[in-house]
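Please have the sequence and the model open side by side. The paragraphs below go through sheets, hairpins and helices in turn.

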Amino acid sequence: MNAGKLANYTNVKTRELWKTLYLCAKENPTRRFHALYDKVYRPDILAEAWRRVKSKKGSGGIDGQTIEKIVLEYGESKFLNELYSELEDKRFRPKPVRRTYIPKGNGKQRPLGIPTIKDRVAQMAMKMVIEPIFEADFQNCSFGFRPNKSAHKAIAKIRKASKKSYWVVDVDIQGYFDNINQDKLMKLIEMRINDKRVLSLIRKWLKAGIMEDGHFRDSVTGVPQGGVISPLLSNIYLNVMDTLWMKKFSHLGELIRYADDYVLMCKTKKQALESIEVIKGIMHKLDLTLSAEKSRLVNIWDDSDGFDFLGLHHRKFPVMNKGGSKIYVMSHIPTKKAMKNMRYKIKDYTGKRNKLYLDITEMIKGLNRKLQGFKNYYLISPIAKRWLNRIDWYVIERLTLFWNKKRNTRHKHSKMGQVIKMAQHKLVKLAK
């Protein structure tokens, strides 16, 4: 892996630091790094961390401080100078995360922890310093929340592995982020870092607790979903599984992981069943359990069954080769949940009353940003066009409703042809 391509920092010094730490860690897998804390509050590191946090926007934590207030009222320099002083003098104290919930496609809610802006910037700075050290240890089977890795690269690995695989172990870890053993996580971090100030600060973030509806709750296990540093910590924890698999069990099949979601691509049913037992054993060592409800064994010999992973349904569809015989090739289409989610986002955007003041051209321009994102992610195999075409028609329906409501037309679904004509050369089409 090219260390120069791993970090995308605007500042040359921070990029060089990332590269140096990565190469040192890669060269010596047993080295423990001790002089790191002073780099966390280095002005260029903090400035880069603030730039990244600011670009992602997001709401504020329990102290009520928001990015907008810092930029427009408090002052960015003042904010960063205060954070610098607190970290340098070891006065920095993480605050509890604000617990909120976001709706899931199945009607349930996913808990999300929102740290304060100051904690987010400090966590980003910490991540920038320690990430290259652990990145040197991470395995190629891990694709989530890593530099130069992506969901599409994980899917490409599935497509390649499917040529020799006929059984898939589709695995789901029960409440992963909430059930990480913090003591075991800290021991894994200590295997690479022995700077007590760094370790102390990470431990404080883990123990900061949760504030929900005005009530404080200790965080005994897990890492808060929503924390800047949480994806890195979760990757460090599951790297135990990745490393064990790659060293001892890779003969059973191909492991492909994205954060806490992963699949095993196996050639035979025997290998798949053995893989399940191995994974159960590793999960037991990590104090984690598999979800019996969501984990399953899938036969992908033909098009009779498939599996969902990263918002896409993966299945071998029939294709006629040049000789006239039928072969089955792995393709990827949006899952039912993804289709529902796309429709929800389109309806939510076009259905708000405050959008009625927009001209239809302005409405299409705003809608295109969402549609382009859908297209970039879901249109990765030709067969997906059949499913995305349904979303294209749904967009036309929603624009027709918007147009008729704006003009107070009695028949809400009339004038569709007129809307199609207006949107013809302006609207992003998912299936094209």
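Two strands count as paired if DSSP finds at least two bridges between them. Helices (H or I, at least four residues) and strands (E, at least two) are DSSP runs, numbered from the N terminus. The model is predicted, so to speak of a local feature requires pLDDT of at least 70, and side-chain atom pairs count only at pLDDT 80 or more, while totals for chains, interfaces and linings use all residues. Residues are numbered from 1 along each chain as its sequence is written, and side-chain values use heavy atoms, with hydrogens and water left out.

Begin with the hairpins. Strand E9 (residues 306-309) runs antiparallel to strand E10 (residues 312-320), and four bridges join them. Asp 308 has His 313 of E10 as its bridge partner. Two residues lie between these strands, and Leu 310 in this hairpin has a positive phi near 60°. E10 also pairs in the antiparallel sense with strand E11 (residues 326-334), over nine bridges. Here Phe 317 is bridged to Val 329 in E11. The hairpin of E10 and E11 has five residues between its strands, with Gly 324 at a positive phi near 90°.

Strands of a sheet pair through backbone hydrogen bonds, either parallel or antiparallel. One open sheet has four strands in the order E2-E1-E4-E5, with mixed pairing. Its edge strands, each paired on one side only, are E2 (109-114) and E5 (215-217). From one strand to the next the twist averages 40°; for such angles, axes are lines fitted to C-alpha atoms, for helices over the stretch in contact, and the angles run from 0 to 180 degrees between N-to-C directions. Within this sheet, strand E1 (residues 97-103) and strand E4 (residues 210-212) are parallel and share two bridges. Val 97 has Ile 210 of E4 as its bridge partner.

A second open sheet of four strands follows the order E6-E7-E3-E8, and its pairing is antiparallel. E6 (254-258) and E8 (296-299) are the edge strands. Strand E3 (residues 167-172) pairs with strand E7 (residues 261-266) over six bridges, and Asp 172 stands opposite Asp 261 in E7. H11 packs on this sheet and touches E6 and E7, its direction making about 175° with that of E6. Contact here means heavy atoms within 4.5 Å. Helix H12 (residues 269-285) also packs on the sheet, where it touches E3, E7 and E8.

Which residues of helix H9 (residues 182-190) are buried? They are Gln 182, Leu 185, Met 186, Leu 188 and Ile 189. Because they cover an arc of only 160° around the axis, they lie on the same side of H9; the arc is that of the directions from the helix axis to the C-beta atoms. Asp 183 and Lys 187, on the other side of H9, are exposed. Buried means under 20% relative accessible area and exposed over 50%, with partly exposed in between (1.4 Å probe, protein chains only). The cover over the buried residues includes H6 (117-135), H10 (196-206) and H11 (230-249).

H6 also packs with helix H5 (residues 76-88), at an angle of about 65° and with the axes 11 Å apart. On the H5 side the meeting residues are Phe 79, Leu 80, Glu 82, Leu 83 and Glu 86, and on the H6 side Ile 117, Lys 118, Val 121 and Ala 122.
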